[in-house]
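Okay, my turn. Let me put the model up and walk you through a few things I looked at this week.

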Amino acid sequence: MSHVRSLYFGGSLAEIGKKTLEAYEQRRPSEVIWNITNSCDLFCRHCYVNADVSRAANELTPAEALDLVRQIGEAGVPLLFLTGGEPFSRPDLYALLGKAQEYGIKVVLSTNGLAIDDKAADQLKGFGIDYVAISLYGPETFHDDYVGAKGAFRRVHEAIGRLQIRGIKVGIKTTVTAATFPHFFDLIEVAKGLGAGLVYACDLIASGRAVPLQEKRICDAQWLQIADAVVDDVLATPLGGLEYDIGANPSLAMVILAKLKARGADTQKGEARLRVKSACPVGKGLMGINSEGDVLPCSFVQEYNVGNIRTLGVQGAIEKLFALGDAPLEGRCGSCDLVALCRGCRVKAYHHGASILGEDPTCLLVRKYTSGPRHPSAWSQSVPPTKP
């Protein structure tokens, strides 16, 4: 995860970024990403957990889940992401939010937005939630087809309106695939039109439902187009504007860094931070936990764990994860001059060669490329209103 604007220019997420960095430097978990359930009412084509309406057989019980929040709070974790599946599919969601509120943990709720009616929005506000990440993949017909639910696009926009009325900030998350890429640049404009504060652009991970449905990654040149768009927008208004979060593609963060430097931006502060906590956060304070309590170096690699939270506890788990961050990398990543800042995508390394410490097969730094022209659609010219 790399928050481009905040990393280099002190954007809206700079303060929480400072807290997560301090936690890592003190050998505490810096952020926990917890898939609290695998149950979901959508059927997204790229879903890395292959979520459906069923629940995992050994899902953490309500008592175990509450105790986990307690441990997270007592460990001084500054940031907790609750995701799924669909978090609203878990009946004790509000109990978990209440416990997190007791400990003063900043919670980001990652949701498809369908369950956010007026009552739910009021509840989120009451539990101190000030940031919600909602999925959006393209214009109405495309989005509804991609997530497998007619009307989902409309309900997302209504949910965003309800949250904003209550002062809850919204981020738009999207997975960049061959199917969604044609809509990506319009998505940026749509996010601005909706008043979102962030766009999370995540690379496709070849796991879960993406494998049998044969979802495809975009090519290097297309990623370069995204890098150019991000750099252009950030430099146009460096002290304010849309935040960009790059997911599962740390070499893209290195490309963006090089482009910023080439255009005269002062990147020293951001580079110094990356030398401590790299663009790939595996072993650098990040803790993933799946619905059954398995402790993951990253939530995108559900099939690789270092043990279960029931037996390890939060403190035991983070020590095992820190060991991964302290270990030298193999192959091209290990010999790269930018290894300290980047560390490659550990999930893709594992999927490619069965080693979590192996080289990232999707690295953008090892090939020559040109970005080429962008081909936006007309979607962003017809953004629907966000009123609920």
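So, start with helix H4, residues 93–102: it lies across three strands, E2 (31–35), E3 (79–83) and E4 (106–111). Against E4, helix H4 runs at about 155 degrees. Keep in mind throughout that this is a predicted model.

Now zoom out to the sheet those strands sit in. There are 10 strands in an open sheet, and reading across you get E1-E8-E7-E6-E5-E4-E3-E2-E9-E10, with mixed pairing. Which strands stand at the edges? Those are E1 (2–3) and E10 (295–296); each has a single partner strand, so one side of each has no neighbour in the sheet.

Further in, take E5, residues 131–135, and E6, residues 169–176: these two run parallel and are joined by 5 bridges. If you want one to click on, Ser-135 has Lys-173 in E6 as its bridge partner.

Next, a loop residue. Asn-249 is in the loop between strand E8 (243–247) and helix H10 (250–262). Is Asn-249 buried or exposed? Its relative accessibility is 1%, and buried means under 20%, so Asn-249 counts as buried. Beyond its sequence neighbours within four places, Asn-249 contacts Asp-203, Trp-223, Lys-348 and Leu-364.

Last thing, the largest pocket, with a volume of about 500 Å³. Its lining has 27 residues, and nearest the centre are Leu-7, Ala-14, Gly-17, Lys-18 and Arg-273. Helix H2 gives the largest share of that lining, 7 residues. E1, H1, E3 and H11 also supply at least two each. By class, the lining is 13 nonpolar, 8 polar and 6 charged.

Note on methods: Residues numbered from 1 in each chain as written. Predicted model: local features only at pLDDT ≥ 70, side-chain atom pairs only at ≥ 80, totals over all residues. Heavy atoms only, no water. Helix = DSSP H or I, 4+ residues; strand = E, 2+ residues; numbered from the N terminus. Buried < 20%, exposed > 50% of the residue type's maximum accessible area, 1.4 Å probe, protein only. Contact = heavy atoms within 4.5 Å. Pairing = 2+ DSSP bridges. Axes fitted to C-alpha atoms, helices over the stretch in contact; angles between N-to-C directions. 1 Å grid on protein atoms, 1.4 Å probe; cavity = no way out; pocket = protein on both sides within 12 Å on 5 of 7 lines; lining within 4 Å. Points joined across faces, edges and corners; volume = space filled by probe spheres on them. Nonpolar A, V, L, I, M, F, W, Y, C, P; charged D, E, K, R; others polar.
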